[in-house]
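Colleague: I'm new to this one and would like a close look at a single part of it. Could you walk me through it once it's up on the screen?

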Number of protein chains: 2
Amino acid sequence: MNPIIDLLKQHRSIRKFTAEPLPAEVINTLIEAGQAAATSSFIQACTVIQIQNPDTRAQLAECSGHQAYVASAPVFLVFCADMHRHQLACDLHQADMLSGFTEQFLTASLDCGLFAQNLVIAAESLGLGAVYIGGLRNQIERVSELLELPELVYPVFGLCLGYPDQNPEVKPRLPVSVVLKQERYSDQDDRAAIQAYDEEVRTYYRQRTGNNKEMSWSEQISGMLVKEARPHMLPFLQKKGFLRR
Amino acid sequence: MNPIIDLLKQHRSIRKFTAEPLPAEVINTLIEAGQAAATSSFIQACTVIQIQNPDTRAQLAECSGHQAYVASAPVFLVFCADMHRHQLACDLHQADMLSGFTEQFLTASLDCGLFAQNLVIAAESLGLGAVYIGGLRNQIERVSELLELPELVYPVFGLCLGYPDQNPEVKPRLPVSVVLKQERYSDQDDRAAIQAYDEEVRTYYRQRTGNNKEMSWSEQISGMLVKEARPHMLPFLQKKGFLRR
């Protein structure tokens, strides 16, 4: 429809990068592009930490389940939901901040999502590739200690950035009919649509370049959701001052 | 730096739209652009509900604190974090899904954020304007009932879309020095930087076209955070099957 929409629809995660570094001014531009995203009630709750120290990088790679590109990517950023900054803002006005609300956890986390997605699009528009690293949450407490995060700050995800040294296929998404509903929620036709989509995903996994497997979407999802999902998250977040009420 | 980054940095929320409608094929393209965003472990947990019924629109406008554009915008979408779909996927394989984890709430919510931000950028690239409606969470239970959301689905935010009938200024963001940190978290220079930024925001609010006020960033934030933040969110989300562990 236009070059921007074409760019958005060509997104693939990139996990292999050339050694070409990114100048600091490019990082700066990417951050500004991220900041330009909408922010709930002007809260601006996203803080980005850039990690260059090889030892920290190696530890973060270990924390995320030994994803080697966390250590080797030209740029690695950690996106933190940050309400410590708002504590400072309240202090400037001798205001007693009420924290710990689930709503605040949600808006701060979403702020990071919108910021990061803008940053990724800006990066891709410059020919860069990216992959989100949710795996940091595997060892979220250790990550927080490494980055010296104070109370009311937590690492939402990481992001590897660099010039692509691979050209993976675009992964097929659920049919629009499943994802877009009219007037109210209905799953009437979803089961059949998911089963048709399962075959599409199976073909994609069978034919893609590298890491081929026999797997459908519902099979992959059901295999994942019979297991516990990072059960340490709630106690950790509560310790950090989030989700207490 | 390039037209895409220029577009990202020109973002302003648009709350006044012309009457020009959006063809269904444009909506379809926007949804596809949204779906193309990264999705945590291929979870695809975002469902969008398009609301056209004027009565439902009027009720949603009321739910979001009487924001008239929720009723009048050419297009209104509600973004839902949806793990009901994954229940279907598990059922297809006779798998017992473990739900209620905080991690799942986070990934499903972030999925909606990345999806929506891609969609907003696609829309802006077509000359459309948008505003996120977090205010739906003011009466999140009523919104859920109106949209007949089942267990494991909740409305994260709404989005108004249409051709802009206003041209507001871009709102200044925090200095990059506050938002981008190196190697570890430090707030050493943040207090002074926020105070300088406060003056920038004060000038923006004083000079902008329409709805002028005397207000700095830290003043606005501290005024907001001395109040409870939607305290109904946690019990509501738990009732819907989220954040139980």
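Colleague: Which residues does Phe79(A) touch, not counting those up to four places away in sequence?

Modeller: Happy to, and keep in mind that this is a predicted model. Start with Phe79(A) itself. Early in the chain's numbering, its partners are Cys46(A), Thr47(A) and Val48(A). Further along, Phe79(A) also touches Cys112(A), Phe115(A), Ala116(A) and Leu119(A). The rest of the list is Tyr154(A), Pro155(A), Val156(A), Phe157(A) and Leu159(A).

Now put that in its setting. Phe79(A) belongs to the largest nonpolar core, which has 142 residues. Along with Tyr154(A), Phe79(B) and Tyr154(B), Phe79(A) is among the residues with the most contacts inside that core. Notice that Tyr154(A) turns up twice: it is a partner of Phe79(A), and it is also one of the core's best-connected members. Apart from this core lies another one, of 23 residues, and its members include Ile49(A), Phe76(A), Cys80(A) and Val153(A). As background, nonpolar side chains in soluble globular proteins tend to be buried together.

One of those partners leads us on to the other chain. Phe115(A), which touches Phe79(A), is also in contact with Gln35(A). You'll find Gln35(A) in helix α2, residues 24-35 of chain A. Its relative accessibility is 8%, under the 20% cut-off, so Gln35(A) counts as buried. Leaving aside neighbours within four places in sequence, the other contacts of Gln35(A) are with chain B: Arg173(B), Leu174(B), Pro175(B), Val176(B) and Val179(B).

Flip over to chain B and look at Gln35(B), in helix α2 (residues 24-35) of that chain. Gln35(B) is buried too, with a relative accessible area of 8%. With neighbours within four places set aside, Gln35(B) is in contact with Phe115(B) and with Arg173(A), Leu174(A), Pro175(A), Val176(A) and Val179(A).

Let's step back to chain A as a whole. It has 11 helices and 5 strands. Its radius of gyration is 20 Å, close to the 18 Å that the globule rule gives for 245 residues, so chain A is as compact as a globular protein of that length. The C-alpha atoms fill a box of roughly 60 × 50 × 40 Å along the principal axes. Buried residues make up 60% of the 245 in the chain. Of the contacts with a separation of 6 or more, 80% are between residues 24 or more positions apart.

For contrast with the buried spots, try a couple of loops. Gln139(A) is in the loop between β3 (129-133) and α7 (140-146), and it is partly exposed at 32% relative accessible area. Beyond its neighbours within four places in sequence, Gln139(A) is in contact with Glu62(A) and Cys63(A). The C-alpha atom of Gln139(A) is 9.0 Å from that of Leu60(A), which is 79 residues away along the chain.

Asn211(A) sits in the loop between α9 (190-207) and α10 (217-225). With a relative accessible area of 58%, over the 50% cut-off, Asn211(A) is exposed. Its phi is near 50°, a positive value in a residue other than glycine.

Methods:
Residues numbered from 1 in each chain as written. Chains lettered and ligands numbered in written order. Predicted model: local features only at pLDDT ≥ 70, side-chain atom pairs only at ≥ 80, totals over all residues. Heavy atoms only, no water. Helix = DSSP H or I, 4+ residues; strand = E, 2+ residues; numbered from the N terminus. Rg over C-alpha atoms; globule rule 2.2 N^0.38 Å. Buried < 20%, exposed > 50% of the residue type's maximum accessible area, 1.4 Å probe, protein only. Contact = heavy atoms within 4.5 Å. Core = buried A, V, L, I, M, F, W, Y, C linked by side-chain atoms within 4.5 Å.
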